[in-house]
Amino acid sequence: MRLRHRLLLALDVSNVERARSVAQAVRGQVDGIKVNWPLILSAGLGIVREFADLGYVLCDFKVADIPNTNRLIVEEAVRARASGVICHAFAGEDSVRACVEAAGSADVFVVTELSHPGGQEYTAKFAEDFARLAVRAGAAGIIAPATRPDRIRALRGIVGARLILAPGVGAQGGKVSDAIAAGADAVIVGRTIYEAKDPAAAARGIVDELRSSAPK
Ligand code: O7M
């Protein structure tokens, strides 16, 4: 993944036309588009193929099954020209390894601690283990919460040079500058961009904030 702006768009828009229009509007401001179930379930996997023409598409399928099923899911994502796939770690190391193997040259990112309050109930307790597992399994990086920069800092100590992508800024209350100062390589932003009247201007604002944020 090439991070020029350090911003990924979380395109959680179910309306396909709206999704296309937001994607086109922000394409010069983001390093990639993360697609999740709301869009895939309404538009189909073909939308991944379509957005792949615009650049990096990260399939946020939060894959969390037995190794064979994980492999089949990731193979479909890669066949649709995804550049990256997100999986959960709680299914175990063999399941994550199956994702990494099936991804081939595509990236796999592993969720550690979820950014919402409920993320502290269970995922936080295992976040360090999940990060270590991600490294051992050969993942490209991890997902860590911008809502808790101290946790990004702790997880950076485990993953070394692997990428940390941080969702949770804006609508969830996290700050871009805090996430970057704590060691995130990039932020993942959804509602602040796609719910804005002018998504391109909103994305530009975040890119400006990223430029003035201290790198790790
Ligand atoms: O900026 P938002 O809050 O509208 O969107 C954030 C996106 O990041 C949304 O697509 C979530 O599914 C995703 N996300 C989190 O918000 N928190 C997490 O802990 C993890 C993710 C994520 O991307 O996981 C891969």
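Which segment holds R6? R6 lies in the segment before β1, the strand that spans 7–10. The model is a predicted one. In this model the phi of R6 is near 70°. That is a positive value, and R6 is a residue other than glycine.

K62 also calls for a look at its backbone. Phi of K62 is near 40°. Again the value is positive in a residue other than glycine. K62 has its place in strand β3.

Strand β3 leads on to the aromatic side chains. How many aromatic pairs does a search of the whole structure find? It finds 2. W37 and F61 form an aromatic pair. Their rings are 4.6 Å apart, centre to centre. The angle between the planes is 25°. The pair counts as stacked, because planes under 30 degrees apart are classed that way. W37 belongs to helix α2, residues 37–43. F61 belongs to strand β3. The two residues are 24 apart, and the pair links distant parts of the chain.

Now turn to the ligand. The space it takes is the largest pocket. Which elements give two or more residues to the shell around the ligand? They are β3 (57–63) and β8 (186–189). So strand β3, defined as a DSSP run, carries F61 of the stacked pair and also contributes to this shell.

The ligand has 17 residues around it. D12, K34, S115, Q172 and R191 come nearest. By character, the shell divides into 8 nonpolar, 4 polar and 5 charged residues.

Several polar atoms approach the ligand. A polar side-chain atom of S115 lies 2.6 Å from a ligand nitrogen atom. S115 is also among the residues that come nearest. G190 uses its backbone: a polar atom there is 2.8 Å from an oxygen atom of the ligand. D60 uses its side chain, where an N or O atom is 3.4 Å from a ligand oxygen. The D60 distance of 3.4 Å counts as a polar contact because the cut-off is 3.5 Å.

How much of the ligand's accessible area does the protein cover? On its own the ligand has 520 Å² of accessible area, and the protein covers 91% of it.

Conventions. Residues are numbered from 1 along each chain as its sequence is written. This is a predicted model: local features need pLDDT of at least 70, side-chain atom pairs count only at pLDDT 80 or more; totals for chains, interfaces and linings use all residues. Side-chain values use heavy atoms; hydrogens and water are left out. A residue is near a molecule or strand if one of its heavy atoms lies within 4 Å of it. A polar contact is a pair of N or O atoms within 3.5 Å; within protein, one must be able to donate a hydrogen and the other to accept it, and residues adjacent in sequence count only if both atoms are side-chain atoms. Accessible areas come from the Shrake-Rupley method with a 1.4 Å probe; for residues, only the protein chains shown count as cover. On a 1 Å grid over the protein atoms alone, a cavity is a set of points where a 1.4 Å probe fits but cannot get out, and a pocket is an open set with protein on both sides within 12 Å along at least five of seven lines; lining residues have an atom within 4 Å of a point. A molecule sits in a cavity or pocket if more than half of its atoms lie within 2 Å of its grid points. Helices (H or I, at least four residues) and strands (E, at least two) are DSSP runs, numbered from the N terminus. Ala, Val, Leu, Ile, Met, Phe, Trp, Tyr, Cys and Pro count as nonpolar, Asp, Glu, Lys and Arg as charged, and the others, Gly among them, as polar. Rings of Phe, Tyr and Trp (its six-membered ring) pair if their centres lie within 6.5 Å; planes under 30 degrees apart count as stacked, over 60 as edge-to-face and the rest as tilted.
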